[in-house]
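Thank you all for coming. I would like to walk you through one model this morning, going from its confidence to its cores, its strands and its charged pairs.

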Amino acid sequence: MSSTCMARFAGSAAISGMLAVGPSVSVAENTLEEVVVTAQKRTENAQNVPLAISVVSGARLEQINALGIADLSAVIPSVTFNTGRELRDSSIRIRGVGTDVILPGIEASVSTVIDGVVLAQQGSFFNDLGDLDRVEVLRGPQGTLFGKNSSAGVIAVITKNPNFKRLEVGSSILVAADNEYRVNGVISAPLSPSTAFRLSGFYRQNDGIVKDAFTAAIYNDVEAYGFRGKLQWRPADSVDLLLSVDSQRFHSNCCALPTRVASKNPIVPNTGIAVGPLNDAVALGGSNVFADQENYGASLTANVGFGGYTATYIGAARKWTADVDSDIDSTPAHIVTSNFNTNDARQMSHELRLVSPLFPRADYVLGLYYLTTNVSQTLDRRGTRINLITSINPDGTVEAPPGSALALVADSTIKTQNASAYGQVDFRPVDRLTITAGARFIAESQHLDFFRPLPSPFYGVGAFGPVAGEYSDHAAIVKAAVRWAWTDTLGTYASYSTGYKGQGISASAPISPAVFAALPLQAESSRLWEIGVRSQSFDKRLTLNLTGFLTKFENYQQQAFDPVLGILVITNAGNIHTNGVELELAYASSPRLSISGGITYLDAGYDFNGPCYMGQTPALGCMSRQQNLGKGAFVNAPDLRYTALARYTKPLSAATAVYGQVDFRWQSDVQFAYDQDPRFVQRAYGIADFKFGAFFAGGRYESSAFVKNPFDKQYISNVIGQGAAGGGAIVNAIPRDFGRYFGVEFSVKL
């Protein structure tokens, strides 16, 4: 390989995968290449799309050793991740808004889509995602083209398709602290001129970083593995059929949550652990906690072209199961001896879409969509009522009078049918002016079966059911946008769009007959006003995008922890707002150096009064057990957040190059409690990551070493209340990079 070719390779490696506006570079001209997206159901330049969209390439995610979608928060400042007790109630947030979902009848505000298939259960989205082409993050409501559960935005994952040109083989091995191992592999090849396949797989494991201070047991370890297979057939130039199957399994002895604020209940044993905001030790007395998940599915995508039109059909079936048992009292005492939950979610979807040619003055997209889901959930919680415990033995067993048993057992099944029709048209009445209008019409029905066979005196409820409920709703979602292209590299737009999230069925285990009769929760809706500037300059070496937005949500479906019942409850909290400004950039300063990043300023908050936090006095704003939440902070929505990447590559020879990379992210204070309890605040912090590596044989081989959180800046990813079962304690969720750790990686791409 010539030195010129190696220099071009080095430049491509330096800027390949850049955030959002520049995932790759044309090294010969040292310019950012066009970023192609399908956010509007047709292939187009991201700079010409009148909406706020960030695109992260698979190469960029590999550069930061990302595991899954949660790692998007490391590169997109408008995305944050809320860690729950386990995957089911974790959530991805866009512009501060998301839904911490643990109940099957509550949808997420952020729609998650893989290869065109909407995932009905958000918890199934947070497993490993390998062999990616790119991830498109659409900020703000996207209901006209993506459906009902996208009132805050869409995360669309596009995986790589089979290679029709040549045999492609790749693998990587990563080894890091805490016995972390990751192995990824892919093979793709043509089987004939019209047929090709692709098969990718992964395996990973790592020890947890939470340790029991007394038994030395390690908690929160992970073992996961899976594969994705694709078979693509092109029987004619205008026909393309793609069959995809995938399967994943996940196991963890999760979740052990260190105590942040100790219980004041005298019956709860004092472990002697130094509790506090940065505590990472537990004392669970040998509790057998676990989280097991299986996630698999298949899809068929058919594209047929005729007369310049393209008709697309996407049919899919998926299943996701989760079995979880957690220690919800977080103490060495056996107050709650079992908290076994199961989820079984199945879905089938069909989408038929027609995309017109790009006529001189107009183009359009029309579609029909149909989705059915069947989600069953069980809870079996057993233990002893903490207020009746008389003593706790050294082995953790408890003494209590007869009749002190705690039992909460319930089963629920929710079946949903959703049908919609949508369309979007672009008018170009004059050169450089594009007017976009779109709408989606939705009809939905839901059926609920619920049964609580045993009374639960601790929660103040008796046996209930079996009972059933029937619910239905319909809605219309609209979008309008105007874009003006001042030049080929400078455009501005203004848009208005609405979003919709379906009615909520909050069928939690201790539901009362009165609450059941009041179901469902009202649908959540959103309205967005947005303006944007999209620009490229310096011979397309610099891309700079600026977006301003005002968003109003009505009947926001809020999940909060009830400290009295010790359970998560869902309500229509009221109206909220999320307003702000976003700046994104990508700069190819030279073939060797790339810089990219973004800044988000966010004003997110509640527009209503809400409950006071425990201990809040009139002097602190509590009047008649209510406070003005508008003066507080929205959950996990930092006012200011930014991310940055700098990567430098230096050729050493015609076939070898070395590189260094620095990633940094910073965010202001965040509040994790809806009721504004100051004990739930994470102070501002910044996290850096370093990576150094080398390419050999023109990029076919790569070895690297990295250090995560090199300055050992400790932070937590959520603060969670334990409620009555844990004596009112408050606990921390500990992230993987809670402390500094090192790793190495070797990869081959042939």
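**Strand pairing, cores and salt bridges**

Let me begin with one residue pair, in which Phe706 stands opposite Gly743 of strand 45. That pair belongs to an antiparallel arrangement in which strand 42, residues 701-708, is joined to strand 45 by eight bridges. Strand 45, residues 741-749, also runs antiparallel to strand 12, residues 168-176, with seven bridges between them, and here Ser172 has Ser747 as its bridge partner.

I should say early that this is a predicted model. The pLDDT averages 88 over the chain, and 93% of the residues score at least 70. Residues 1-29, however, have a pLDDT below 50, although in the model this stretch has 98 contacts beyond near neighbours in sequence, and I would ask you to keep that in mind.

Turning to the interior, the largest nonpolar core has 38 residues, and Ile69, Leu72, Val135 and Ile155 are those with the most contacts inside it. Several strands each supply at least two residues of this core, among them strand 10 (132-139), strand 11 (153-159) and strand 33 (567-587). If we set aside its neighbours within four places in sequence, Leu72 is in contact with Val56, Leu61, Val79, Val135, Val137 and Ile155. There is also a second, separate core of 21 residues, which includes Val35, Ala46, Val55 and Val365.

Strands 10 and 11 also take part in an open sheet of five strands, with the order 5-10-11-8-9 and mixed pairing. Strand 5 (52-57) and strand 9 (117-118) each have a single partner strand and stand at the edges, so one side of each has no neighbour in the sheet. Within this sheet, strand 10 and strand 11 pair in the antiparallel sense over seven bridges, and Arg139 has Gly153 in strand 11 as its bridge partner.

Arg139 brings us to the charged residues, since it is linked with Arg95, Glu530, Glu582 and Glu584 in a network of salt bridges. The structure holds 33 salt bridges. Arg134 and Glu136 form one of them, with their closest N and O atoms 2.8 Å apart, and both residues are buried.

Where, by contrast, does the salt bridge between Asp488 and Arg432 sit? The N to O distance is 3.7 Å, and the pair links the loop between strands 29 and 30, which holds Asp488, to the loop between strands 27 and 28, which holds Arg432, the two residues being 56 apart. Asp488 counts as exposed because its relative accessibility is 72%, while Arg432, at 39%, counts as partly exposed.

Terms used: Residues numbered from 1 in each chain as written. Predicted model: local features only at pLDDT ≥ 70, side-chain atom pairs only at ≥ 80, totals over all residues. Heavy atoms only, no water. pLDDT = per-residue confidence, 0-100. Contact = heavy atoms within 4.5 Å. Core = buried A, V, L, I, M, F, W, Y, C linked by side-chain atoms within 4.5 Å. Buried < 20%, exposed > 50% of the residue type's maximum accessible area, 1.4 Å probe, protein only. Helix = DSSP H or I, 4+ residues; strand = E, 2+ residues; numbered from the N terminus. Pairing = 2+ DSSP bridges. Salt bridge = Lys/Arg side-chain N within 4 Å of Asp/Glu carboxyl O.
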